[in-house]
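Open the model in your viewer and keep the selection panel handy. We will move from one stop to the next.

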2 protein chains.
Amino acid sequence: MADNKLYYCNVELSLDIIGGKWKPLIIHHIGGAGVIRYGELKRKVPNINERVLSRQLRELEESKIIQRTVYDEVPPRVEYSLIEMGKTLVPILNELGLWGIEYNQKYNHGEIHFEDEYNNL
Amino acid sequence: MADNKLYYCNVELSLDIIGGKWKPLIIHHIGGAGVIRYGELKRKVPNINERVLSRQLRELEESKIIQRTVYDEVPPRVEYSLIEMGKTLVPILNELGLWGIEYNQKYNHGEIHFEDEYNNL
DNA sequence: CGGTATCCTATATGATACTG
DNA sequence: CAGTATCATATAGGATACCG
């Protein structure tokens, strides 16, 4: 998010902060878990590249959507959780998820497949 | 949205349908207007490229989110409106917009600027 | 375990010109 | 007015290897 950018709508601003291919998903999974480690998160979003996941997390941290806590242990432990405005995003993303379910039921677009063990989120 | 893709979460599915840089914005503006012509829409999303706008609209039409109505007039008139699952997206996007306003107030990220005449959406 | 470094690619996006 | 065609490019995203 460039600070001097000109916005034409609030949704535009929101998308600038949490838009993109992965951020909503990451936020949703952190929210669902409460607290989550890097490795768990990676397992919940299997298709994401490590470098990309790492970068997205940093950006979300910079935007004050999430908090990153490093524990000085061996092996290392790093935990992510939502903070403030990150938390208020959860219900919205839940709605979006429900919308997806309904869309799938209604239009049944080519038999949408879900990995069984992940389906319960 | 590839029909044989494997999803790990409903949000993932939703994002596949209405995600991206422009689609949520387009849907939001069509929803706000009820019915809107191509040119008006372009004015509401000034930064979008015509080719891109055109393509996004076709994709949303294919996904049965919007409806495209062509009137056989000169000069040509084409109107877009939300249908079915497109309509149920409106409250969610409104929430997202409100979230952006609150984020802006709370963190006041480098004085976010809005074009005055657009601010009222 | 939780990353980063390096290098690479695709796809989305964009500028411009043109048309029924 | 509502686009499409053509061409160009940037940036997000990815593969792989390696490290404290």
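Which polar backbone atom is 3.1 Å from a phosphate oxygen of DNA strand C? Select Gly39(A): a polar atom of its backbone sits 3.1 Å from that oxygen.

Before moving on, two notes on conventions. This is a predicted model, in which local features need pLDDT of at least 70 and side-chain atom pairs count only at pLDDT 80 or more, while totals for chains, interfaces and linings use all residues. Residues are numbered from 1 along each chain as its sequence is written, chains are lettered from A and ligands numbered from 1 in the order in which they are written, and side-chain values use heavy atoms, with hydrogens and water left out.

**Stop 1: DNA strand C**

Stay with DNA strand C and add Arg58(A), which places a polar side-chain atom 3.1 Å from a phosphate oxygen. Then pick Tyr80(A), where the corresponding distance from a polar side-chain atom to a phosphate oxygen is 2.8 Å. These are polar contacts, that is, pairs of N or O atoms within 3.5 Å.

Now widen the selection to the residues near the strand (a heavy atom within 4 Å of it). DNA strand C is surrounded by 21 residues, and the closest are Arg37(A), Glu50(A), Ser54(A), Arg68(A) and Arg51(B). Sugar or phosphate supplies 62% of the strand's atoms within 4 Å of the protein, and bases supply the rest. Colour the surrounding residues by type: eight are nonpolar, four polar and nine charged.

**Stop 2: DNA strand D**

Which residues are closest to DNA strand D? Select Arg37(B), Glu50(B), Ser54(B), Arg68(B) and Tyr80(B), which are the closest of the 21 residues around this strand. Of the atoms of DNA strand D within 4 Å of the protein, 62% come from sugar and phosphate.

For a base contact, show Arg51(A): an N or O atom of its side chain is 2.8 Å from a base oxygen of DNA strand D. Phosphate oxygens of this strand also lie 3.4 Å from a polar side-chain atom of Gln56(A) and 3.1 Å from a side-chain N or O atom of Arg58(B).

**Stop 3: the nonpolar core**

Finally, hide the DNA and select Ile65(A) and Ile65(B), the residues with the most contacts inside the largest nonpolar core, which has 68 residues. Such a core is a set of buried (under 20% relative accessible area, 1.4 Å probe, protein chains only) Ala, Val, Leu, Ile, Met, Phe, Trp, Tyr and Cys residues joined through side-chain atoms within 4.5 Å. Beyond its neighbours within four places in sequence, Ile65(B) has contacts (heavy atoms within 4.5 Å) that include Trp99(A), Tyr103(A), Ile17(B) and Leu89(B).

Methods
A polar contact is a pair of N or O atoms within 3.5 Å; within protein, one must be able to donate a hydrogen and the other to accept it, and residues adjacent in sequence count only if both atoms are side-chain atoms. Buried means under 20% relative accessible area, exposed over 50%, partly exposed in between (1.4 Å probe, protein chains only). Ala, Val, Leu, Ile, Met, Phe, Trp, Tyr, Cys and Pro count as nonpolar, Asp, Glu, Lys and Arg as charged, and the others, Gly among them, as polar.
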